[in-house]
Amino acid sequence: MMKNYIKYMAVLALGLVACEPEFDNSVEDNEGFYDNGEADFGNYVALGNSLTAGYADGALFIQGQENSYPNILAQQFSHVGGGDFRQPLMNDNLGGFLVNGTQQASTRLILEVGSSGSPAPTPIPGTPTTEIGNTLSGSFNNMGVPGAKSFHLGFQGYGNIAGLQNGAANPYFVRFRSSEQASVIGDAVAQNPTFFSLWIGNNDVLSYAVSGGTGVNQTGNPNPLTYGSNDITDPQVFAQTYSTMVQALTSEGANGVLINIPSVTSTPYFNTVPNNALELDASQAANLTAYFGAVSQVLTGVLISQGVPQQQAAALASQYAITFNEGTNRFIIDVPVTETNPLGFRQMTENELIQLQIDQSALLNGYGSVVITPEVEQVLATLMQGGTPTPEEVGILFSAVSGLDDVDVLDNTEISEIETATTAFNTTIQNVAEANGLAMVDANAILNQVANGGISYDGGVITAEFATGGAFSLDGIHLTPRGNAVIANEIIKQLNETYNATIPVVNIGDYNGSPSIGSGSAQ
Amino acid sequence: MKKLSLVMVFLLFAAATYAGGYRVSTQGQRALAMGHSGVAVVNSAELAFFNPAGLVFLENKLNISAGVTGVISNVKYQNEMRGAFAETDSSLGTPFYLYASYSISEKLALGLSIYTPYGSSVEWPTDWSGSHLINNIDLQAIYIQPLVSYKITDNLSVGGGPIFVTGSVNFNRNINRTLTNEEGDRSNVEIDASGVTSFGWSASAMFSPIDSLRIGVHYRSEIILEAEDGDATFSNVPNSPLAPVSNGTVAFDAELPMPAELTIGASYEFDKWLFAFDYNRTFWGVYDSLDIDFAPDEIPDSINPRNYKDSSTYRFGVQYKALDKLALRLGYYYDESPVQSGYFAPETPRNDSQGYTGGFSFDITPKIAIDASFVYLRFEEVKESYDHYQENGQEVSFGGTYKSNAFLPGLGVTFKL
């Protein structure tokens, strides 16, 4: 009898489990909270480069992809009719990849306490397991292709593995293209997106910037097939490519959002090593000042001996009599030898930038100023005693200057080329957005705000400080999950405005902004 | 009978909360069917919990009451601004009780009670948006209390006895809002302590100014469960000297109060009717902060302000003796939450609630009766937040809209000889 009662109770209990509490208006069932407005988010396709793919910490890996801004958006779109969002996930959380079994890209960066005792970005130990040749099947909503420039998206065969050798193909697109001859834009249009996002053009200036401006500014050259990988894209080429792509994407009436190009010079990649990181004590400063005084003096003599009038010689040589002070000083950089700069170096000026990846230990050993060897000291001693240096000694003296190489620096000219191109690209993006009635997100303004004052959230302030600022990952260029959340929220804001939608924003504090740690190495 | 008690012992391992804070009000099916009022009701061995002073008024020599309640509680959370939502896994909690009294003489009765007045079981989806506050908790406290009940005059008695408590707690939360290991799994900490024991006492009195009216008062002391050398296990922490902690188990100390409770009430008997009213005051003010002190100095203590306030519960019940063998019961109670605004932690997501109760007793034989009860506990939808979580020295709020309910079917048996 008792048994039966217990049985009865259990049945009753199970029945009651179904009696869940109900909200007056449920978020889960979207009872009156969110609206898609005039846009249709049913089939969202994201186009772009590494920023869209979820690339971070110098690599593409699953966690980064899951925190990509398109994936964050897609989760919020689920409240307003959004469908499934497929991403071409890498095979692991190491990042990097193999081509035919050979590792071709490094694993992601983590902050690791090395032998020096101070934390520094280091590739996470391990061998990548993503084989580029294993092309995934099906179509993908996130079509971000790391490394792609604007004109690449229309390239047929951009995903053909045979094109990897000569740079005509991109390994990341090889992984998920529909066919060997497919183009990114073609594969995107074939999915009949009802909504798209396009964030392209960053690499059209970024690769030039990261190369230290060693590429060519192709402004005026209408044929991208002739471009090198580190070149600045002709703004005309960009404009044409861009509007053609948007036309293709909107031809079936899709809504979309265009995201503009942030200033590459506001990323930590160019703002972490200051151009005045040459720290000197009083005697070091005095020695350097004396050295450059000697250089100026000797050059004056050399020029006079070559027949240059004394006044002119002194004036030309005076540019090398650089004064150094106790404390921080700007580095010396190498520049092309010209008539007005016969020795081919100068001190950096206020707004010039140094790359994140410059060899820091070399900087400690005279790179960026002077490498004083015993031979140089001997020449200096001779000069002190009023002696006249031999041509050989003059050579030793002058060649002690170790200016920063072009590849490590963005000088004023390069910066202005980058700025001009970025402005031109962004003008195009804004015009295309307006002409097509699309939403436009000013990522440039957002990341400038991050870099200048920061953006506050419920757990603090997001800044562009390298590693610790919260916005940028350890490669100094790509965003952290938290940085992606900032972009995603801004996109949502613009979509709500443009399309009269009410899509909920995410809580930025729920997304990681801390530097990646954890290598699996012993503690 | 033997089988039943075996089942009950089995079920004992899953208690659930459904009253203010982590108090459990399922200490007798007869009282529960009447809004859990019983400090002034002389009815069965359930008096061992509600008012031991009344045990001496029971007519039979030996009285035993035992029962178990199935607690099905559900909590839903949503945040309209973010589009986030979650609901707790509605597992079945089964608080139980066992009471016995034996009349030594007309003036003296002895008793024993085993009951579970505090407990909590809440399981949110792992890694949900409030996971930095809680993933899941399972808290149990079993009270064992020998009793004496003494009749001073024909209409006044006193009772009470020492309480031995054995408790356990298992609690899991993520270390913070974002930290993951190399594979993206959220770093978390689980604290586990069992066999935590402590002592307390309770004392009560019952007075009948006139035959049909009884007045009762009962005070149960505060008991602080002090967990010493419990296990705190950190998992999914990235392997790095830069991580805030390392994977593995360390010892911890923590304490959790079982607050004192004062109950006063009255019952009035009229023909086949019995009316009862109880007022509970639970001294939750003692629960100021949940502090977890990890043994290694380099791991910072976890300080979690709770700032509970003393709270009241108002209970009303009525019994109608429909047949000789059948008593019908109805009740209602209003349960004030001890949780103050801004301290609404999802580990005990309780706002004020209203309990609607009903039940019956049926005498199978003159000696054995079956007691059944059912409670529907209703909570208003509430917009609340917990504002005292610390991140980078800054208080970060976690809030949204909560909606809870609970269903409690209970079954017991009363035996008298």
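**Exercise 1.** B:Asn307 has 15 other C-beta atoms within 10 Å; decide whether this residue is buried, partly exposed or exposed, and then describe its place and its backbone angle phi.

*Solution.* Begin with the cut-offs: a residue is buried if 20 or more other C-beta atoms, placed from the backbone, lie within 10 Å of its own, exposed if 12 or fewer, and partly exposed in between. With 15 such atoms, B:Asn307 is therefore partly exposed. Next, find its place, which is the loop between strand E16 (302-305) and strand E17 (311-321) of chain B; helices (H or I, at least four residues) and strands (E, at least two) are DSSP runs, numbered from the N terminus. Last, consider phi, which is about 55 degrees in B:Asn307, a positive value although the residue is not a glycine. Most residues other than glycine have a negative phi.

Before going on, note how the structure is described. Residues are numbered from 1 along each chain as its sequence is written, and chains are lettered from A and ligands numbered from 1 in the order in which they are written. This is a predicted model, in which local features need pLDDT of at least 70 and side-chain atom pairs count only at pLDDT 80 or more, while totals for chains, interfaces and linings use all residues.

**Exercise 2.** Compare the surroundings of A:Ala467, A:Gly437 and B:Leu323, using the burial classes of the previous exercise.

*Solution.* Take A:Ala467 to begin with: it has 20 other C-beta atoms within 10 Å and is therefore buried. Its loop runs between strand E19 (460-462) and helix H16 (481-499) of chain A, and its phi is near 70 degrees, which is positive in a residue other than glycine.

Then turn to A:Gly437, which lies in the loop between H14 and strand E17 (439-441) of chain A. A:Gly437 has 12 other C-beta atoms within 10 Å, so it is exposed. From A:Gly437 to A:Leu353 the distance is 38 Å, C-alpha to C-alpha, and the two residues are 84 apart in sequence.

Finally, B:Leu323 sits in the loop between E17 and strand E18 (326-335) of chain B, and because it has 10 C-beta neighbours inside 10 Å, it counts as exposed. A distance of 47 Å separates the C-alpha atoms of B:Leu323 and B:Glu384, which are 61 residues apart along the chain.

**Exercise 3.** Describe how helix H8 (residues 235-250) and helix H14 (residues 412-436) of chain A pack against each other.

*Solution.* Two packed helices are described by the angle between their axes and the distance between the axes. Axes are lines fitted to C-alpha atoms, for helices over the stretch in contact, and angles run from 0 to 180 degrees between N-to-C directions. For this pair, the angle is about 25 degrees and the axes are 10 Å apart. Angles under 35 degrees count as roughly parallel, over 145 as roughly antiparallel, 65 to 115 as roughly perpendicular and the rest as oblique; H8(A) and H14(A) are therefore roughly parallel to each other.

The next step is the handedness, which is right-handed for H8(A) and H14(A): a crossing is left-handed if the near helix is turned anticlockwise from the far one by less than a right angle, and right-handed if clockwise.

The last step is to ask which residues meet. Two residues are in contact if their C-beta atoms, placed from the backbone, lie within 7 Å. H8(A) contributes residues including A:Phe238, A:Tyr242 and A:Val246, while those from H14(A) include A:Phe425, A:Ile429 and A:Val432. By class, this contact has 10 nonpolar, 4 polar and no charged residues, where Ala, Val, Leu, Ile, Met, Phe, Trp, Tyr, Cys and Pro count as nonpolar, Asp, Glu, Lys and Arg as charged, and the others, Gly among them, as polar.

**Exercise 4.** State how chain A is divided into domains, and how many residues of each are in contact.

*Solution.* Domain 1 covers 3-271 + 410-510 and domain 2 covers 278-354 + 369-402; such bounds come from an automatic or database domain assignment. Their centres, taken over C-alpha atoms, are separated by 48 Å. In the contact, 6 residues of domain 1 meet 5 residues of domain 2, and the domain 1 side divides into 3 nonpolar, 2 polar and 1 charged.

**Exercise 5.** Describe the side of chain B that touches chain A.

*Solution.* Count the residues on each side, which gives 42 from chain B and 44 from chain A. Then look for the element with the largest share on the chain B side, which is E22(B) with 10 residues. The chain B side divides into 14 nonpolar, 18 polar and 10 charged residues.
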